[in-house]
Amino acid sequence: MKYDVIVVGGGPAGLASALEAWKQGAKHILILERDQELGGILNQCIHNGFGLHHFKEELTGPEYAGKFIEMLKDTNVEVLLDTMVLDIDEENRCIHAMNKKQGYMQLEGKAIVLNMGCRERTRGAIAIPGDRPAGVFTAGAAQRYVNIEGYMVGKRVLILGSGDIGLIMARRMSLEGAKVVGCVELCPYSNGLNRNIVQCLNDYDIPLYLSHTITDIQGDKRVERVIVQEVDEKRQPIPGTEITFDVDTVLLSVGLIPENELSRAAGLQMDPRTNGPVVYENMETSAKGIFASGNVVHVHDLVDFVTAESERAGRSAAIYAMQGNPKAGRCIEVKNGNAVNYTVPQKIRMNNVDKFVEVMFRVNNVYKDMEICVMSGDQKLAGFKREHMAPGEMEKIVIPKMLLEKAGDEVIIRVEKAGA
């Protein structure tokens, strides 16, 4: 079973990659999805706010996914649902997968696009002390219970972490009749989008406790109470600041981890800063012909950004499948400097750059009146002014090709005070 492009994952990233590959002329395309329907995480995101950038209209998650699924019907892209990918052979670009209809399959692709998305960080990953009663959920699991399965997860709720899913679930639980007693955040700033702070917490009078964390969960069979303490600059609990909340449910919104078991097993070069594969400007990984995009590369804020990045990966995969490997040329490494956590892409091949390169990154704190500097050694290639930057909001800059031609073997993205 041979294909031009095989897309692993049928969420928003996979759908965008497959559609763009089709538009670019790849004729034999296959999407492998382990769930029973396409759409990925969007199916449980029934709130609005999607599509403002891509479709220029406000949609819910299922509506956004539905538009892509409808577009997919006008193509000959094949879809295998309820199919688990077991392994990827990066040398031969052979995928081993199985489902209950076809059984075990070996699928060969001229190009492969990885779009496996993210998983949530759990209680075990952050080692919260206390008892182990029922009533502790990740925010995404609670979202699925409430929005898809129709189960109410609790009546009095405390949320740990201020990630976007946690903020949205604070509003959702309030709308379903639960009492959300507060949202507790370890950092001195929120990790969610500012619009979600306003629409989900402020509009529902839900308090946000910055520089606080949970230090004890108590309960026999079900959560009965939670102890919260303030933390110092080193994020250590301060004695004497304990607050007790009588709740029956704790929702964890403590970060997302790119789902990269397949990437690691395939031997792809990984970036410890993003927990995703290292990618070039066209979203190709360290293995020739294997591309990656969306949350499997780095965690995005908006699905519109996932779509744009995945279209780039799908376009590149189709070109690779039809034309083969591009010519080798000068390669520039993109590194993170002061106040920057990571950069995507991590490498730029100048032969592949047409007019410009988009670089995405996140800052490590809240900053005001700053300048994003693109440096090559001591030489400043470009500067971009920003009035406000926060870790919860991804930044994007566009670097023209003519500036990159002046760079050496590496460019550094750093943030410094405007006018410094």
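1. Let's start with the small sheet: three strands make an open sheet, ordered 23-25-28, and the pairing is antiparallel. Strand 23 (340-344) and strand 28 (395-400) sit at the edges with a single partner strand each, so one side of each has no neighbour in the sheet. On average, neighbouring strands here are turned by 30° against each other, direction ignored. Keep in mind throughout that this is a predicted model.

2. Look at strand 23 a bit more closely. Strand 23 and strand 25 pair in the antiparallel sense over four bridges. One residue to find on screen is V344, whose bridge partner in strand 25 is M360. V344 is also joined to P345 by a cis peptide bond, with omega at about 5°. P345 itself belongs to the loop between strand 23 and strand 24.

3. That cis bond deserves a flag, as does one backbone angle elsewhere. As background, most residues other than glycine have a negative phi, and most peptide bonds are trans. D205 is not a glycine, yet has a positive phi of about 50°. You'll find D205 in the loop between helix 6 (194-201) and strand 13 (208-210).

4. Next, the five-stranded sheet. This one is also open, runs in the order 24-22-29-26-27, and has mixed pairing. Its edge strands are strand 24 (347-349) and strand 27 (379-389), each pairing on one side only. From one strand to the next, the twist averages 25°.

5. Within that order, one pair is worth a zoom. Strand 26 (residues 367-376) and strand 27 are antiparallel to each other, paired over nine bridges. If you want a handle on the register, M375 has K380 in strand 27 as its bridge partner.

6. There's a hairpin to check too. Strand 6 (residues 84-89) and strand 7 (residues 94-99) pair in the antiparallel sense over five bridges. D89 stands opposite C94 in strand 7. Four residues lie between the two strands of the hairpin, and R93 in the turn has a positive phi of about 50°.

7. Now the second largest pocket, which has a volume of about 770 Å³. It is lined by 28 residues, and the closest to its centre are E281, N282, R312, R315 and S316. By class, the lining divides into eleven nonpolar, six polar and eleven charged residues. If you set up anything at this site, that split is the composition to work from.

8. Where does the lining of the second largest pocket come from? Domain 1 (1-118 + 255-325) and domain 3 (328-419) each provide at least three of the residues. In terms of elements, helix 8 (303-323) and strand 25 (356-363) each supply at least two residues. Helix 8 gives the most, with eleven residues. Strand 25 also ties this point back to the opening one, as a member of the sheet ordered 23-25-28.

9. Last, the record. An unreviewed UniProt entry carries the annotation "domain: FAD/NAD(P)-binding" for residues 3-300. In the model, the end C-alpha atoms of residues 3-300 lie 29 Å apart, and the span is 21% helix and 32% strand.

Notes
Residues numbered from 1 in each chain as written. Predicted model: local features only at pLDDT ≥ 70, side-chain atom pairs only at ≥ 80, totals over all residues. Heavy atoms only, no water. Pairing = 2+ DSSP bridges. Axes fitted to C-alpha atoms, helices over the stretch in contact; angles between N-to-C directions. 1 Å grid on protein atoms, 1.4 Å probe; cavity = no way out; pocket = protein on both sides within 12 Å on 5 of 7 lines; lining within 4 Å. Points joined across faces, edges and corners; volume = space filled by probe spheres on them. Nonpolar A, V, L, I, M, F, W, Y, C, P; charged D, E, K, R; others polar. Domains from an automatic or database assignment. UniProt positions renumbered as here; feature names shortened; annotations may be inferred.
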